[in-house]
Amino acid sequence: MSKISIIGAGHVGATTAFITAQKCLAEEIVLVDIVEGLPQGKGLDMFESGPVQGFSGRVRGTNDYEDIAGSSIVVMTAGIARKPGMSREDLLRTNASIVANAASHIKESCKDAIVIVVTNPLDMMTFHMWKQLGFPTERVVGQAGCLDTARYRTFIGEKLGVSSKDVSAILMGGHGDTMVPLPRYTTVAGIPLTDLMSTEDIEAIVKRARTGGGEIVSLLKTGSAYYAPAAATVEMVESIVMNQKRVLCCSCLLQGEFGWNDLYIGVPCILGKKGVEKIIELKLTPEEKALFDESAGKYKTGIEEMLAL
Ligand code: APR
């Protein structure tokens, strides 16, 4: 029986579960959280929408990590957001310990699972999850690029007055601020974006996509984005479950690719039933490579800081 577990039944975790159920991607979806009643209530509520929405998979919530046993995919969304007065190091330490705790249960209950990490700071938490699990690198992958790309595609579609579905793009590098745009690899139904839009307009859109998370936070005031992050996560889940072999930008462990080692960062990859089946080492111009190296250098330092905590 196909089973997908989602750790963290907060905004991103619950929305991921709901979209996964709607798309009929699993026979059973398990939501795990430490707050009593929260995953059970949300899971039951989603399950009860099945007859109306036309899905028959079971959705249930639990506080017991043992219930993830036998999952083929585990999505990690548990974590805390930075609170006022909390240092970056405190946030890193807290989320790293939540990730380590989840990893110990995943190792025990579903040692063959593919693990998708969504918890921020994304590229560092994915590295930490991989280290803690000791799984092959192709089975531990982070969600960031799919979200950044979704935002970028949305804004391009809006600006050009075309369906964002027809916008195809790849963005590399770290999640958010140090994201590396590749306009020369962006097309609209196969037409190069650079033929359709001015450099200034492209730059404005890249800037907005880079700060897309912050834009939502400033509107919401409390809390952060979750609809697009969840949809982007399900894009990865679907490619794995259906063995679609989509070319998606995900946080993957680099082992020599793009000249970097022992670092999780956003790169284009093929995602199928084995997880990350291949990293696509596309050719970068010297300018693009410089931006990628700057982003990678930042995360390499971040990982070293995390390991030193
Ligand atoms: N085990 C299981 N669940 C946990 C644990 C744990 N050890 N620690 C915290 N949680 C749960 C919380 O109880 C909460 O329900 O994780 C959930 C997080 O949900 P939200 O606070 O709503 O956060 P959300 O918006 O879903 O974001 C989750 O995804 O995009 C990233 O930056 C975001 O790191 C954050 C994560």
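Mentor: Before we name any element, note that helices (DSSP runs of H or I with at least four residues) and strands (DSSP runs of E with at least two) are numbered from the N terminus. Ile98, for instance, is found in helix H4. Residues are numbered from 1 along each chain as its sequence is written. This is a predicted model, in which local features need pLDDT of at least 70 and side-chain atom pairs count only at pLDDT 80 or more, while totals for chains, interfaces and linings use all residues, and side-chain values use heavy atoms, with hydrogens and water left out.

Trainee: Why is Ile98 called partly exposed?

Mentor: The relative accessible area of Ile98 is 23%, and the term covers values between the two cut-offs, buried being under 20% and exposed over 50% (1.4 Å probe, protein chains only). Ile98 is therefore partly exposed. Its C-alpha atom is 9.8 Å from that of Met125, with the two positions 27 residues apart in sequence.

Trainee: What makes Ser109 count as buried?

Mentor: Ser109, which lies in helix H4, has a relative accessibility of 19%, so it counts as buried. The C-alpha atoms of Ser109 and Ser164 are separated by 40 Å, although the two residues are 55 apart along the chain.

Trainee: How do you know that the length of helix H5 agrees with its number of residues?

Mentor: The expected span of a helix is 1.5 Å times one less than its number of residues. For the 12 residues of H5, residues 122-133, this gives 16 Å, and the end C-alpha atoms are 16 Å apart, so the two values agree.

Trainee: What makes H5 largely enclosed by the rest of the structure?

Mentor: The reason is that 10 of its 12 residues are buried, among them Leu122, Phe127, Trp130 and Leu133. His128 also lies in H5, and it is called buried because its relative accessible area is 12%. The C-alpha atoms of His128 and Ile216 are 27 Å apart, with the two residues 88 apart in sequence. Just after H5, Gly134 takes a positive phi of about 70°.

Trainee: Why are the positive phi values of Lys221 and Asn243 worth pointing out?

Mentor: Most residues other than glycine have a negative phi, and most peptide bonds are trans. Lys221 is not a glycine, yet its phi is positive, about 70°; Asn243 is not a glycine either, and its phi is positive at about 50°. Lys221 is found in the loop between helix H9 (212-220) and helix H10 (227-241), and with 68% relative accessibility it counts as exposed. Asn243 lies in the loop between H10 and strand S12 (246-255), and its relative accessible area of 27% makes Asn243 partly exposed.

Trainee: Which peptide bond is cis?

Mentor: The cis peptide bond joins Asn120 and Pro121, with omega at about -5°. Pro121 is found in the loop between strand S5 (114-117) and H5.

Trainee: How do you know how many disulfides the structure holds?

Mentor: A disulfide is a pair of cysteine sulfur atoms within 2.5 Å, and the structure holds 0 of them. The sulfur of Cys110 is 20 Å from the closest cysteine sulfur, in Cys250, which is too far for a bond. Cys146 is in no disulfide either, the nearest cysteine sulfur, that of Cys250, being 4.5 Å away. Cys110 counts as buried at 4% relative accessibility, and Cys146 is buried with a relative accessible area of 4%.

Trainee: Which residues come nearest to the ligand?

Mentor: Of the 18 residues around the ligand (those with a heavy atom within 4 Å of it), His11, Val12, Asp33, Tyr65 and Asn120 come nearest. The shell divides into 9 nonpolar, 8 polar and 1 charged residues.

Trainee: What makes the pairing of Tyr65 with the ligand a polar contact?

Mentor: A polar contact with the ligand is a pair of N or O atoms within 3.5 Å. An N or O atom in the side chain of Tyr65 is 2.9 Å from a nitrogen atom of the ligand, so this pair meets the cut-off. A backbone N or O atom of His11 lies 2.9 Å from a ligand oxygen atom, and one of Val12 lies 2.7 Å from an oxygen atom of the ligand. The protein covers 82% of the 740 Å² of accessible area (Shrake-Rupley method, 1.4 Å probe) that the ligand has on its own. Helix H1 (11-22) and helix H4 (88-109) are the elements that give two or more residues to the shell.

Note on methods:
A polar contact is a pair of N or O atoms within 3.5 Å; within protein, one must be able to donate a hydrogen and the other to accept it, and residues adjacent in sequence count only if both atoms are side-chain atoms. Ala, Val, Leu, Ile, Met, Phe, Trp, Tyr, Cys and Pro count as nonpolar, Asp, Glu, Lys and Arg as charged, and the others, Gly among them, as polar.
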